[in-house]
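Reader: I should be grateful for a close look at a single part of this model. Please then set that part within the whole.

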Amino acid sequence: MAVNLSERHEDELLLIDGIQVFVGQAGVKKTNHDDLTLMVLTGKNAVGAVFTQNRFCAAPVHIAKSHLFDGGGVRALVINTGNANAGTGAQGRADAVEICAAVARQINCKTTQVLPFSTGVILEPLPADKIIEALPRVKPVHWSKAARAIMTTDTIPKAASCEGKVGENHTVRATGIAKGSGMIHPNMATMLGFIVCDANVSQPILQLMTKEIADMSFNAITVDGDTSTNDSFVIIATAKNGQSQIDNTADPRYEQLKTLLGGLALQLAQAIVRDGEGATKFITIEIENAANRDEARKVAYAIAHSPLVKTAFFAGDPNLGRLLAAIGYAGVEDLDTDKIKMWLGDVLVAEQGGRAESYTEEQGQAVMNQDEITVRVSLNRGQTKTTVYTCDFSHDYITINADYRS
């Protein structure tokens with residue numbers, strides 16, 4: 001059951017001028033199931049995207065990267081669930097291109113103007129023929145239906161919208177959908193994320209913004225420490241809101257737009273953690289007063305990835321030694337543990353190398369009983385801070401992953 005997360009309905013999601021969304025049934029893994037999504041862009045637009053750092057990245061990642069920077073612009077995105085088309089070699093790449101070509105014929109554009117995305121089981125051939133046959137049957141839908149169509153082990157569709165002033169006289173509207181539940185770890189996660197806005201941004205600037213937004217959102221979450229083969233995060237700007245183009249980072253509208261879209265991306269990223277496979281608790285880990293970003297993230301992820309820490313959270317067990325142990329093995333070689341302070345919620349639990357004198361087990365238990373918990377650690381080494389979001393490990397995580405292919 002997702003932690004404090006509910007499905008967004010049609011009236012909560014903004015329609016964005018310049019894009020049409022279609023959904024269909026290809027039967028990639030299941031019959032009578034929406035598993036194919038097509039997004040068609042009209043007019044001028046810019047697309048930025050970042051992808052998994054996994055060296056075994058999937059065929060569609062290879063092709064999407066190639067097409068994104070081909071120079072011809074992007075006219076469509078095609079997404080299938082049920083099969084990742086990863087670990088499929090040259091045939092997998094050929095299948096991804098063939099699907100792009102089928103989309104291109106259908107909407108009258110170049111094959112290189114289509115970006116493919118897949119998610120699902122790895123190391124199985126993609127039934128490209130099923131997807132190609134289903135493309136002419138896709139039907140126009142609202143964003144809520146698209147959010148559900150890209151799900152795999154998710155229990156709730158993830159979608160959100162926002163709007164805000166960018167510049168003095170223009171409002172930007174944005175809607176995003178994402179999928180992801182397990183195999184979640186930065187660079188990025190087994191996640192797909194798509195945000196569409198009606199802002200007017202040049203492609204090089206949007207590409208830079210997409211990377212910066214990913215670092216503050218989708219690259220700040222982890223469920224199980226496994227980096228997937230198919231991670232992709234895309235921002236589309238349709239240039240339909242009537243404003244002049246943002247074409248440099250010195251333009252004050254750049255930061256305004258990044259803040260607006262970054263907040264939307266963080267909301268979607270947190271939704272992935274809240275719906276982590278088997279999750280019962282949503283955990284925020286804040287590291288402050290670190291010497292630099294690298295060591296702050298090392299400590300944060302040491303805590304977030306520890307199976308002992310995550311199972312303690314599931315059990316509601318204030319076994320704080322597991323947290324201290326994770327900090328100690330995070331890889332900060334000259335860490336002075338006597339300077340560290342750690343809080344569980346608002347309760348100071350550790351200082352001066354050990355248990356805080358004021359701390360009681362009852363205080364820790366009260367925090368651990370909550371379904372949203374914050375762990376705050378001050379390293380007292382500098383001014384840098386970072387935040388990472390994770391969840392607990394429950395019995396259901398094992399069940400879900402043990403049964404994934406059945």
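Reader: Does Asn-230 count as buried or exposed, and at what relative accessibility?

Author: This is a predicted model, in which local features need pLDDT of at least 70 and side-chain atom pairs count only at pLDDT 80 or more, while totals for chains, interfaces and linings use all residues. Residues are numbered from 1 along each chain as its sequence is written, and side-chain values use heavy atoms, leaving out hydrogens and water.

Asn-230 counts as buried because its relative accessibility is 3%, where buried means under 20% relative accessible area, exposed over 50% and partly exposed in between, with a 1.4 Å probe and protein chains only. Asn-230 lies in the loop between helix H5 (203-216) and strand E10 (232-237); helices (H or I, at least four residues) and strands (E, at least two) are DSSP runs numbered from the N terminus.

From this loop, the side chain of Asn-230 reaches two backbone oxygens: that of Ala-84 at 2.7 Å and that of Ser-118 at 2.8 Å. Ala-84 and Ser-118 are also among the residues in contact with Asn-230 beyond its neighbours within four places in sequence, contact meaning heavy atoms within 4.5 Å. Others in that list include Thr-52, Pro-60, Val-61, Thr-119, Met-191 and Leu-192.

As for the whole, the protein has eleven helices and 16 strands. Buried residues make up 57% of its 406 residues. Of the contacts in the protein with a separation of 6 or more, 80% join residues 24 or more positions apart. The C-alpha trace spans about 70 × 55 × 40 Å along its principal axes.

Key:
A polar contact is a pair of N or O atoms within 3.5 Å; within protein, one must be able to donate a hydrogen and the other to accept it, and residues adjacent in sequence count only if both atoms are side-chain atoms.
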